[in-house]
Every structure is written in C-alpha cells, then in structure tokens.
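Q: I have a model open and would like to talk through its fold and a few odd backbone spots. Can we go through it together, starting with the backbone?

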Amino acid sequence: MKNLKITARLLDGRVNSNDGIFNLDSILAYAWMLENHPDDLQNNNLRPDNVIEPDLPLAKDEDGRWKASLGFYEQHAEIVEYWHKKVNDFDAAYYVDFQGKRGKINGASGEYKAYRMPQIIRVVSDIEFYAVGDPDEIRRLLGYVTNIGKKASQGYGYVREWDIEEIEDDYTDIGPYGIMRTRPFIGELPNDGQAYQIKKVRLKPPYHLHIDRVPCIIPNVRRDQLA
C-alpha cells in the first residue's frame, strides 16, 4: 500500500453537484460495483436491505473506514440550471394505458407531475484526492470512471484523465487543507482556522442511503476558500 495523490483532470471543469462533495472511496466503489455487480447498479438495487460491501484496493483505518480523502478543488463559478420533467399528451401512449378511452395527463399532481428541478453546476479546477492503497489496482478501477457528479449523460464532470502519483505522507485524514475527509463530531470543532460544517452523513459508501448516519464534521473542499 502506498501513500497517493490522485487527480481527476477534467475536460472543461463543469460538474453537477448540489453540495460539491466528492468521495474517492465512493467513486472507487461505483467502479467496483460496475465490474462485479452491474445488475444491482443498473437497477438501483442498493437499498438499506441490500448493502454490498465493496472490496476496494484501499487500506482501512482502525475504525474500518477506507483511507481516502474528499476531493479538493478551486471553484471558478456557480450556475443554476434547470432540469424539466413533463409528460405531455403526445407522449401519453408510452406512459399511460387509457384502455381505449380518451384521457389527459395530470401534470399538476400525482405520478406524472411536472417538475422543474434546479441543478447546481460548478465550474472547478482539477479535483485533488489523497489515498493509501494499491496504485495499479486503483488506476485500473478508475478506468471505468469517465465522469464525476450527476448527469454524466449530459456531459457534466467529464474526466479527461486520472493522474496517480506516490507521495511521502498519508494525507487521508489530516493534510494540507486541514481535515481531509468526513469524521464523526465528538463535541468540538478543530481550532485550525478552517471552515467546517456539521451534518448527519454515513461514514462509508453508499453515501446516499439514509441509514447509519451520524453527526459529522464536513471539511471545506474549496481551496479558493481555505485559510
């Protein structure tokens, strides 16, 4: 296992993310799932009763967490765009069976309600992660990861290349930007001049599940705002 700096070099820097948080262990877990459990991933079967523990090429700490940092970057701009969902009467035949009668889609409420969803698009620098792991196996898994963030099909978060280099120190917990990953909140914030949030989150992927969440300190991942 090596101390590593891993950089996602983005094509144009546009990433779709509401909170701006990118977890390296989650990115690698996605790649591992794509390789080992593609059906569960494709069908969105990662529910609380079906949590699959990935076998990642990362070291673990004494608490059993993967030794991997959040992604740090400079943010140059923030744009709000909107995603629209609307089923109109022309598309009704593909979505609704009116059983031979005339019908109309109710877009105001119910299953086919129209949505106007805000999407936060961040224009950022290359994203910098730190890890302790097997560089060759990490590089292989990252070959599956072409985008970071949401709405990859729309071209957001496109990764031009992954750069992996060995470094001297382990920066997965404490490093050049203060706390380098989410950690449990035990009553006080570090007095290191950095800005931190407190939020209930999971401590290992899949992070989107609403189980096993605990109050945690969330690092400020924006280098342009760091002290």
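Q: Where is proline 206 found?
A: Proline 206 is found in the loop between β10 and β11, and, keeping in mind that this is a predicted model, the peptide bond leading into that residue from proline 205 is cis, with omega near 0 degrees. Most peptide bonds are trans.

Q: Which residue in the loop between β10 and β11 has a positive phi without being a glycine?
A: Aspartate 212 lies in that loop, and its phi is positive, at about 55 degrees, although the residue is not a glycine. Most residues other than glycine have a negative phi.

Q: Is aspartate 212 buried or exposed?
A: Aspartate 212 counts as exposed, because its relative accessibility is 60% and the cut-off for exposed is over 50%.

Q: And what about lysine 151, where is that one?
A: Lysine 151 sits in the loop between α4 and β6, and there too a residue that is not a glycine has a positive phi of about 55 degrees. With a relative accessibility of 27%, lysine 151 counts as partly exposed.

Q: Back to β10 and β11, what sheet are they in?
A: They belong to an open sheet of three strands, in the order β9-β11-β10, with antiparallel pairing. The edge strands are β9 and β10, each of which pairs on one side only.

Q: How many bridges hold each pair?
A: Strand β10, residues 197-201, is joined to β11 by five bridges, while two bridges join strand β9, residues 183-184, to strand β11, residues 214-218.

Q: Which residues face each other there?
A: Lysine 199 has cysteine 216 in β11 as its bridge partner, and on the β9 side arginine 183 stands opposite isoleucine 217 in β11.

Q: What does arginine 223, after β11, touch?
A: Arginine 223 lies in the segment that follows β11, and, not counting residues up to four places away in sequence, it touches Phe72, Tyr73, Glu74, Ser125, Asp126, Glu128 and Tyr177. As for tyrosine 73, the two residues are 150 apart in sequence, yet their C-alpha atoms are 5.5 Å apart in space.

Q: Why is arginine 223 classed as partly exposed?
A: Arginine 223 is classed that way because its relative accessible area is 22%, and buried would require under 20%.

Q: How much of the protein's contact pattern is long-range like that, say at least 24 apart?
A: Among contacts between residues at least 6 apart in sequence, 73% join residues at least 24 apart.

Q: Changing topic, what is the order of the sheet with β1 in it?
A: That is an open sheet of three strands in the order β5-β1-β6, with antiparallel pairing. Its edge strands are β5, residues 127-133, and β6, residues 159-166, and each of these pairs on one side only. From one strand to the next, the twist averages 25 degrees.

Q: How is β1 joined to β6?
A: Strand β1, which covers residues 2-10, runs antiparallel to β6 and is joined to that strand by seven bridges. One of the pairings there involves arginine 9, whose bridge partner in β6 is glutamate 161.

Q: Which helices lie across those strands?
A: Helix α1 lies across β1, β5 and β6, running at about 75 degrees to β5. Helix α4, residues 135-142, also lies across β1, β5 and β6, and it runs at about 175 degrees to β6.

Q: What is just before α1, around asparagine 23?
A: Asparagine 23 is in the loop between β2, residues 14-16, and α1, residues 24-36. Leaving aside neighbours within four places in sequence, asparagine 23 is in contact with Ser69, Leu70, Phe129 and Tyr207, and it counts as buried because its relative accessibility is 16%.

Q: And what about tyrosine 30, further along?
A: Tyrosine 30 is in helix α1 and is partly exposed, with a relative accessible area of 39%. Together with Leu34 and Tyr144, Tyr30 forms a nonpolar patch on the surface, with about 260 Å² of accessible area for the group.

Q: To finish, what are the overall numbers for the protein?
A: The protein has four helices and eleven strands, and buried residues make up 40% of its 227 residues. Its accessible surface comes to about 13100 Å², of which 46% belongs to carbon and sulfur atoms.

Methods: Residues numbered from 1 in each chain as written. Predicted model: local features only at pLDDT ≥ 70, side-chain atom pairs only at ≥ 80, totals over all residues. Heavy atoms only, no water. Buried < 20%, exposed > 50% of the residue type's maximum accessible area, 1.4 Å probe, protein only. Contact = heavy atoms within 4.5 Å. Pairing = 2+ DSSP bridges. Axes fitted to C-alpha atoms, helices over the stretch in contact; angles between N-to-C directions. Patch = residues over 30% accessible without salt bridge, like charges linked within 9 Å, V, L, I, M, F, W, Y side chains within 5 Å. Areas by Shrake-Rupley, 256 points an atom, 1.4 Å probe, with all protein chains shown as cover. Salt bridge = Lys/Arg side-chain N within 4 Å of Asp/Glu carboxyl O.
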